[in-house]
Amino acid sequence: MGGLTSLTSVIGVLQTVAMLTQEQTTELRTRLQAEVTRLADHAHTALDFTMDRDRDRIGRDSMDEATEEETYSTQLRLHDRETFLLEKIREAMRRLEAGTLDECEECSEPIGFKRLLARPVTTLCFDCKTAREQVESEHAPTET
Ligand SMILES: [Zn+2]
């Protein structure tokens with residue numbers, strides 16, 4: 001009988017770890033897909049900007065160069081950020097399909113559906129995220 005008891009407790013453990021319902025998974029999938037669409041739109045805007053800039057360049061003197069370079073690098077940085085975000089979203093989608101989206105990568109506790117819905121790319125529960133942000137704000141260079 002000992003075998004059966006331990007099997008039941010294993011199932012019990014699995015149930016506390018297993019987390020998102022079918023509806024929640026569907027909702028999060030929709031949410032993630034919307035994010036991908038939104039970012040794809042932004043990427044187009046960034047691309048248009050780059051092309052406009054190249055056209056504008058012709059016949060311009062170097063007066064605006066400094067400002068222009070600055071704007072351009074800001075735009076590029078923004079684009080990098082979008083690419084980075086897009087990769088995070090793809091990762092989140094993989095985790096969603098694997099059923100591990102709701103698992104905190106730090107402490108393995110459930111992240112919680114509400115938190116995921118607000119921020120579907122998160123890999124940390126609220127406590128771990130708060131702790132990490134504190135570390136980051138202490139070490140991150142201040143950006144203006
Ligand atoms: Zn955690």
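**Group meeting: a walk from Leu-116 outwards**

Okay, let's start at Leu-116. Leaving aside residues up to four places away in sequence, Leu-116 touches Leu-28, Leu-101, Asp-102, Ile-111 and Thr-122. Keep in mind that this is a predicted model, so I'll come back to confidence in a minute.

So which residues make up the largest nonpolar core? There are ten: Leu-20, Leu-28, Leu-32, Ile-89, Ala-92, Leu-96, Leu-101, Ile-111, Leu-116 and Cys-125. Two elements give two or more residues each, namely α2, running 22-57, and α3, running 65-98. The largest share is from α3, with three residues. In soluble globular proteins, nonpolar side chains do tend to be buried together.

Let's stay on α3 for a bit. Ile-89, Ala-92 and Leu-96 are its buried residues that I'd point you to. An α-helix has 3.6 residues a turn, so residues three or four places apart point the same way. How long should α3 be? With 34 residues at 1.5 Å a residue, α3 should span 50 Å, and its end C-alpha atoms sit 49 Å apart, so that agrees. Just past the end of α3 you hit Gly-99, with a positive phi of about 80°.

Carry on into the loop between α3 and α4 and you find Ser-108. Ser-108 also has a positive phi, about 65°, although it is not a glycine. Buried or exposed, Ser-108? Exposed, because Ser-108 has just 10 other C-beta atoms within 10 Å, and the cut-off for exposed is 12 or fewer.

Now over to Arg-115, which sits in helix α4, residues 113-118. Arg-115 counts as partly exposed, because 16 other C-beta atoms lie within 10 Å. Beyond four places in sequence, Arg-115 touches Thr-122 and Phe-126. Thr-122 was on the list for Leu-116 too. And then there's Asp-102: Arg-115 and Asp-102 are 13 residues apart in sequence, with 9.4 Å between their C-alpha atoms.

Right, confidence, as promised. Mean pLDDT for the protein is 80, and 69% of its residues reach 70 or more. Where is confidence lowest, and where is it highest? Lowest is helix α1, residues 2-17, at a mean of 53, and highest is α4, at 94. Over residues 13-17 pLDDT stays under 50, and the model has zero contacts for them beyond four places in sequence. Where pLDDT is low, the predicted coordinates should not be read in detail.

That's my tour, thanks everyone.

Methods. Residues are numbered from 1 along each chain as its sequence is written. Helices (H or I, at least four residues) and strands (E, at least two) are DSSP runs, numbered from the N terminus. A residue is buried if 20 or more other C-beta atoms lie within 10 Å of its own, exposed if 12 or fewer, and partly exposed in between; C-beta atoms are placed from the backbone. Two residues are in contact if their C-beta atoms, placed from the backbone, lie within 7 Å. A nonpolar core is a set of buried Ala, Val, Leu, Ile, Met, Phe, Trp, Tyr and Cys residues joined through C-beta atoms within 7 Å. pLDDT is the predictor's confidence in each residue, from 0 to 100. The expected span of a helix is 1.5 Å times one less than its number of residues.
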